[in-house]
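Work through the exercises below with the model open. Try each task before reading its solution.

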Amino acid sequence: LAAVRARNSENGHSKVLKYASEELRGDRDVVLAAVQRLGTELEHASEELRADKDIVWEAVKQEGSALMWASRNLRSDRDIVVEAVMQNGSALQSASEDPRADDD
């Protein structure tokens, strides 16, 4: 977990889950730390954690485009979609139809 938090590259971030074991990709604490540093790490999280609202929230809060790797259910969650779009307007393309049809 400390390695995930400390991991840096030239631009300040690097993908650590990409090279992690399946066990680590399914470890909630490890994945949470990774997506808080680089939201797009959600791509390499376990399917179960890509459906975890807290994990996805932290990922899209850091990088809106991470929405594309969230579970289908969370891609239609209004709060998640709004947060993602606030970070990156193009994240709306990854949303399920339901939130895009919302007039609010």
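A residue counts as buried under 20% relative accessible area, as exposed over 50%, and as partly exposed in between. The model is a predicted one.

**Exercise 1. Exposure and surroundings of Val85**

Task: Decide whether Val85 is buried, partly exposed or exposed.

Solution. Start with the place: Val85 sits in helix α5. Next, take the relative accessible area, which is 28% for Val85. That value lies between the two cut-offs, so Val85 is partly exposed. Now look for partners. With neighbours within four places in sequence set aside, Val85 is in contact with Ala91 and Leu92. Finally, check a distance across the chain. Val85 and Val60 are 25 residues apart in sequence, and their C-alpha atoms are 8.5 Å apart.

Repeat the steps for Val82. This residue is also placed in helix α5. Its relative accessible area is 36%, so Val82 is partly exposed. Val82 and Val60 are 22 residues apart along the chain, with 9.5 Å between their C-alpha atoms.

**Exercise 2. Overall make-up**

Task: State how many helices and strands the chain has, and give the pattern.

Solution. Count the elements: there are six helices and zero strands. Read along the sequence, they give α-α-α-α-α-α. Then turn to burial. Of the 104 residues in the chain, 41% are buried. Last, consider contacts with a separation of 6 or more. Residues 24 or more positions apart account for 44% of these contacts.

**Exercise 3. Confidence**

Task: Find which element has the lowest mean pLDDT and which the highest.

Solution. Begin with the whole chain. The average pLDDT is 84, and 80% of the residues score at least 70. Go on to the elements. Helix α1, residues 2-6, has the lowest mean pLDDT, at 50. Helix α4 has the highest, at 97. Then look for a weak stretch. Over residues 5-11 the pLDDT stays under 50. For that stretch the model has nine contacts beyond four places in sequence.

**Exercise 4. Packing of α3 on α4**

Task: Work out how helix α3 is oriented relative to helix α4, and which residues make the contact.

Solution. Locate the helices: α3 spans residues 28-37 and α4 spans residues 53-62. Their axes come within 7 Å and cross at roughly 15°. An angle under 35 degrees counts as roughly parallel, so α3 is roughly parallel to α4. The hand of this crossing is left-handed. On the α3 side, the contact is made by Arg28, Val31, Leu32, Val35, Gln36 and Arg37. On the α4 side, Asp54, Ile55, Glu58, Ala59 and Gln62 take part. Sort the residues of the α3 and α4 contact by class: five are nonpolar, two polar and four charged.

Zoom in on Gln36, a residue of helix α3. Its relative accessibility is 39%, so Gln36 counts as partly exposed. Beyond neighbours within four places in sequence, Gln36 is in contact with Glu58 and Gln62. Gln36 and Ile55 are 19 residues apart in sequence, and 8.7 Å apart from C-alpha to C-alpha.

**Exercise 5. Packing of α4 on α5**

Task: Do the analysis for α4 and α5: what are the angle, the hand and the contact residues?

Solution. Helix α5 covers residues 78-87. The angle between α4 and α5 is about 20°, and their axes are 7 Å apart. That makes α4 roughly parallel to α5. The crossing of α4 and α5 is left-handed. Helix α4 contributes Lys53, Val56, Trp57, Val60, Lys61 and Gln62. Helix α5 contributes Asp79, Ile80, Glu83, Ala84 and Gln87. By class, the contact of α4 with α5 holds five nonpolar, two polar and four charged residues.

**Exercise 6. A loop residue**

Task: Where is Asp27 placed, and is Asp27 buried, partly exposed or exposed?

Solution. Asp27 is in the loop between α2 (22-25) and α3. The relative accessible area of Asp27 is 31%, so this residue is partly exposed. Asp27 and Ala45 are 18 residues apart in sequence, with their C-alpha atoms 8.6 Å apart in space.

Terms used
Residues numbered from 1 in each chain as written. Predicted model: local features only at pLDDT ≥ 70, side-chain atom pairs only at ≥ 80, totals over all residues. Heavy atoms only, no water. Axes fitted to C-alpha atoms, helices over the stretch in contact; angles between N-to-C directions. Helix = DSSP H or I, 4+ residues; strand = E, 2+ residues; numbered from the N terminus. Parallel < 35°, antiparallel > 145°, perpendicular 65-115°, else oblique. Left-handed = near helix turned anticlockwise from the far one by under 90°. Contact = heavy atoms within 4.5 Å. Nonpolar A, V, L, I, M, F, W, Y, C, P; charged D, E, K, R; others polar. pLDDT = per-residue confidence, 0-100. Buried < 20%, exposed > 50% of the residue type's maximum accessible area, 1.4 Å probe, protein only.
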